[in-house]
Amino acid sequence: MTSVKFVRLSSSYFWYFAILGLIIPFLPIFLDAKSFSSIEIGEILAIITATKIIGPTFWAFAADKSGKQLAIIRSGALLALLSFSLLFWLNGYWPVVFCLAIFSLFWTAVLPQLEVLTLNSIRRSAKIYARIRLWGSIGFIFLAVIAGDLIERYSADAFTYLGVTVLAGLFLSSMKLSPAKKIKNRVQQLEKISDKIFNRSFIFFFLAGLMLQMSFGPYYGFFALYLRELAYPGFAVGIFITISVLAEILIFIYASIFFRYFRLKTLLAISILLTSLRWFMTGSFADVIWVLVLVQCIHALSFGLYHSVSIQFIHQHFNDDQQNRGQAIYIGGVYGLGGAIGAYIAGIVWQGGQGSELAYNLAASAAFIGFLLVLFMQDRQQVNISR
């Protein structure tokens, strides 16, 4: 793989995940500045999550059917940029809802196709994939750090300017990408995918991932509030999140070491089991600083290792013309549906912080169930760690 192609793929991951570094922490602040109520903010976040369930499948089907994978990446990036730009002029509830929903729908066109393009470009090398993907984590940290300072300094309007800048970077980087191989300029007859979906290993893989993402509900929704209730200073949230993402970056760099000595099933089981331990310790001992630092480091396995292994599993499990749909089912179902259910349950249980320990215990239980489900997968997958 040439260094130019590596830089171009890494750049696309950087900009794609940079927008997450802006939206996840700061979208509620932006919406609050527009005087939306907490209920309205929750509804908007739920609608965005719903597009992540529907969008990836739609775009992946279009990519597999047309064979124009790169065109869909570029179109999704451009249309996401244009729709997000409307926030400069919109203030009412329904206009903002429509704008963010359309943005998210177009934005979800990018990642499944980008994952497939990347893996095909690097000949499915887990080592190179991990090194490319870590630039997504760097992008997340970069935006999360600078956005907080700029929003505090220039008001919540900086959110929109930053979002447009990042999405413009994503579109421009997508224009530099090249196809991994020559694609026929004709409509392809898609291979039936149902036998792959109803395969025993995939079913248990999918359900385990669903339980894992459900377990993230209290963390993604209430971690900042949880630390405040434990009397941590305001800057502590950024520090602990940075620790987790730095740990995630390290795992992307050194993932090939794990792939060399362990099978995919084993790595999935380890990452999910330790995530269960992470949530239990977070709910019971987060008032002890060194414990919280330790459990934040486990994010390297909870997300970094789990995601790297999952992408390899998907790429090996589905045939060539099923790749985009396989990625979409994984991202939309596991992350979209699992994340939505987890956030909903956490919101019910949290009760203003009184149910925080129960919420994290339920999260630990969900992850442990995911670990048990992995044990029922077949153990045949090999990992390509070549350069």
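**Loop, helix pairs and aromatic rings in a predicted model**

Me: Where does L90 sit in the chain?
Reply: In this predicted model, L90 lies in the loop that runs between α3, residues 69-85, and α4, residues 93-107.

Me: And is L90 buried or exposed there?
Reply: L90 falls between the two and counts as partly exposed, because its relative accessible area is 22%, while the buried class ends under 20%.

Me: Which residues is L90 in contact with, if I ignore its neighbours within four places in sequence?
Reply: With those set aside, L90 is in contact with K34, P95, V96 and C99. As for K34, it is 56 residues from L90 in sequence, and the C-alpha atoms of the two are 9.9 Å apart in space.

Me: What about the two helices on either side of that loop, how do the axes of α3 and α4 cross?
Reply: The axes of α3 and α4 come within 8 Å and cross at roughly 165 degrees. That angle is over 145 degrees, and α3 and α4 are therefore roughly antiparallel to each other. Their crossing is left-handed.

Me: Which residues make that contact between α3 and α4?
Reply: From α3 the contact uses G76, L79, A80, S83 and F84, and from α4 it uses C99, I102, F103, F106 and W107. Sorted by class, the residues of the contact of α3 with α4 are eight nonpolar and two polar, with no charged ones.

Me: Stepping back, how many helices and strands does the chain have?
Reply: The chain has 16 helices and zero strands. It comprises 387 residues, of which 54% count as buried. Among the contacts in the chain with a separation of 6 or more, 86% are between residues 24 or more positions apart.

Me: Switching to another helix pair, how do α9 and α12 cross?
Reply: The axes of α9, residues 200-215, and α12, residues 264-285, come within 11 Å and cross at roughly 25 degrees, which makes α9 roughly parallel to α12. Here too the handedness is given, with α9 passing α12 in a left-handed crossing.

Me: Which residues meet there?
Reply: On the α9 side they are F205, A208, L212 and S215, and these meet L268, I272, T275 and W279 in α12. By class, the contact of α9 with α12 has six nonpolar residues, two polar ones and no charged ones.

Me: On to the rings, how many aromatic pairs does the structure hold?
Reply: The structure holds 26 aromatic pairs. One of them is the stacked pair of F204 and F376, with 5.2 Å from centre to centre and 25 degrees between the planes. This pair links distant parts of the chain, since F204 is in helix α9 and F376 is in the segment after α16 (356-374), 172 residues apart. F376 counts as partly exposed because its relative accessibility is 44%.

Me: W279 came up in α12, so which ring does W279 pair with?
Reply: W279 pairs with Y360 in a tilted arrangement, 6.2 Å centre to centre and with 40 degrees between the planes. This pair also links distant parts of the chain, with W279 in helix α12 and Y360 in helix α16, 81 residues apart.

Me: Are W279 and Y360 buried or exposed?
Reply: W279 counts as buried because its relative accessibility is 0%, and Y360, at 0% relative accessibility, counts as buried too.

Me: One last thing, which residues form the aromatic cluster with F84?
Reply: F84 forms one aromatic cluster with Y13, Y16, F17, F103, W107 and F159. Of these, F84 of α3 and F103 and W107 of α4 also take part in the contact between those two helices.

Conventions. Residues are numbered from 1 along each chain as its sequence is written. This is a predicted model: local features need pLDDT of at least 70, side-chain atom pairs count only at pLDDT 80 or more; totals for chains, interfaces and linings use all residues. Side-chain values use heavy atoms; hydrogens and water are left out. Helices (H or I, at least four residues) and strands (E, at least two) are DSSP runs, numbered from the N terminus. Buried means under 20% relative accessible area, exposed over 50%, partly exposed in between (1.4 Å probe, protein chains only). Contact means heavy atoms within 4.5 Å. Axes are lines fitted to C-alpha atoms, for helices over the stretch in contact, and angles run from 0 to 180 degrees between N-to-C directions. Angles under 35 degrees count as roughly parallel, over 145 as roughly antiparallel, 65 to 115 as roughly perpendicular and the rest as oblique. A crossing is left-handed if the near helix is turned anticlockwise from the far one by less than a right angle, and right-handed if clockwise. Ala, Val, Leu, Ile, Met, Phe, Trp, Tyr, Cys and Pro count as nonpolar, Asp, Glu, Lys and Arg as charged, and the others, Gly among them, as polar. Rings of Phe, Tyr and Trp (its six-membered ring) pair if their centres lie within 6.5 Å; planes under 30 degrees apart count as stacked, over 60 as edge-to-face and the rest as tilted.
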